[in-house]
Every structure is written in C-alpha cells, then in structure tokens.
Amino acid sequence: MRDDSSVIALVARAAGDDQQAWDELIERYAPLVWAICTRYRLSSHDIEDVGQSVWLLLVEQLGKLREPAALPGWLATTTKRECIRVVTATRKSQQLGSTVDDALVADKRAIDEEILVAERNAALRTAFAELPPHGPHLLAMLFRDPPYSYSEISATLGIPIGSVGPERGRCLERLRQSSALTAFGESEFSISSPGGGHGAC
C-alpha cells in the first residue's frame, strides 16, 4: 500500500509552483520513468527524449489530475505511450512497419512493481532524513559489504566505541516507527539489524 497522502501533498505543492516539490517529484519518479524506458530497449538518446516529454506533459497536466494520488500510474502510462511512440517512429523510419512487438510492451505487473519500488525508495529517503545527525552515515557504514568495524565507525564519526551498538539500535527502531515506512504496512519493509544482533532501543 502506497502512502497516497504524501503523493497528494507533493502534487499540491508542485502544482503551486513549489520548486522543491518539483525537484522531489523528479527525484522520486525519474527511476520509474527510466526503468520503463529500458524495458522498451530504447537508446540513451531516446530515453532522454522520452523523459523530457514525460516531464513536460506533467508540467502541462499536473494541475488537471483528477486523482493526485494516481500520479505514479499516470507517469507509468504516459511513459509507456511515449516509448511506444518512439519505437513506432523508429520502425517506420527503418521501414519495418509500425507494429510494436508484444515483447516490447511493458508488462502491467512489472510497471506496478516499478511504481512500488519508487514509492518505497521515497519512503526510505524520508525515514533516513528523520534520523539523528550521525544516523544515516552510521547505518551506511554498517550496511556496507563488508561492514565497517565498530572501531572504524567510532574513529570516523567521532563517537565512543561503546555508543555504536546502542546508536545503531536507536536508529533502527526509529526507522521501524517512521510514519513514512509504516504507511506501507509491516509486510512491505523488513528492517534488520546490520553489524550484529538487535541493538538497544
């Protein structure tokens, strides 16, 4: 389940010419647009053209969306149409006919998954932004493969080595309780404890 309220608020802010909201929309959904384009095996030049077309169409249509919460679906559908337009035009120019092979048509389930991934990533970014100052860096060091040792983390972040474990636990607990993540339901996210067992909360 997506957090429709955050999408609605973001759309309202962007429709009101809030540049930060536009930047957030693009950061959140550009990977979705790119992923759909790659399913159509477009060249990097064509992907760039499709992306520009999609964002220009969004500028024109954002204030007219009947259901702002449906923005991810609108972006997916618009990207598919733009991809088909490009593939069809390319085939016509190569005199190969205008029919797009079924193999090139993005599967609806795959697109739904891409939308969910975009929403999950946005929720994770929001949740990480809510962490205390050292939190995101600490977890990034622990999630590395191989993870940094506690002594390396202590030296890098300038915190006592004995504080690393409890700090890790507090950060993970804060992520578990983040409203940005709980909007997806417990089954959508499984936050495990990197670098050892569950830390102190």
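These questions and answers cover two helix pairs in a predicted model.

Reader: At what angle do α6 and α7 pack?
Author: Helix α6 spans residues 135-143, and helix α7 spans residues 150-157. Their axes lie 11 Å apart. The packing angle is about 150 degrees.

Reader: Is α6 roughly parallel or roughly antiparallel to α7?
Author: The angle between α6 and α7 is about 150 degrees. Angles over 145 degrees count as roughly antiparallel. Therefore α6 is, relative to α7, roughly antiparallel.

Reader: How many charged residues are in the contact of α6 with α7?
Author: From α6 come His-137, Leu-138, Met-141 and Leu-142. From α7 come Tyr-150, Glu-152, Ile-153, Thr-156 and Leu-157. By class, six are nonpolar and two polar, and the number charged is one.

Reader: How far apart are the axes of α2 and α3?
Author: Helix α2 covers residues 19-39, and helix α3 covers residues 44-61. They pack at an angle of about 135 degrees. Their axes are apart by 10 Å.

Reader: What orientation does α2 have to α3?
Author: Their angle is about 135 degrees. Roughly antiparallel needs over 145 degrees, and roughly perpendicular covers 65 to 115. The angle fits neither class, so α2 to α3 is oblique.

Reader: Is the crossing of α2 and α3 left-handed or right-handed?
Author: In this contact, α2 residues including Trp-22, Tyr-29 and Trp-34 meet α3 residues including Ile-47, Val-54 and Trp-55. The crossing of α2 and α3 is right-handed.

Reader: How many nonpolar residues are in the contact of α2 with α3?
Author: Gly-51 of α3 takes part, as does Thr-38 of α2. The contact has two polar and no charged residues. The nonpolar ones number 14.

Note on methods
Residues numbered from 1 in each chain as written. Predicted model: local features only at pLDDT ≥ 70, side-chain atom pairs only at ≥ 80, totals over all residues. Heavy atoms only, no water. Axes fitted to C-alpha atoms, helices over the stretch in contact; angles between N-to-C directions. Helix = DSSP H or I, 4+ residues; strand = E, 2+ residues; numbered from the N terminus. Parallel < 35°, antiparallel > 145°, perpendicular 65-115°, else oblique. Contact = heavy atoms within 4.5 Å. Nonpolar A, V, L, I, M, F, W, Y, C, P; charged D, E, K, R; others polar. Left-handed = near helix turned anticlockwise from the far one by under 90°.
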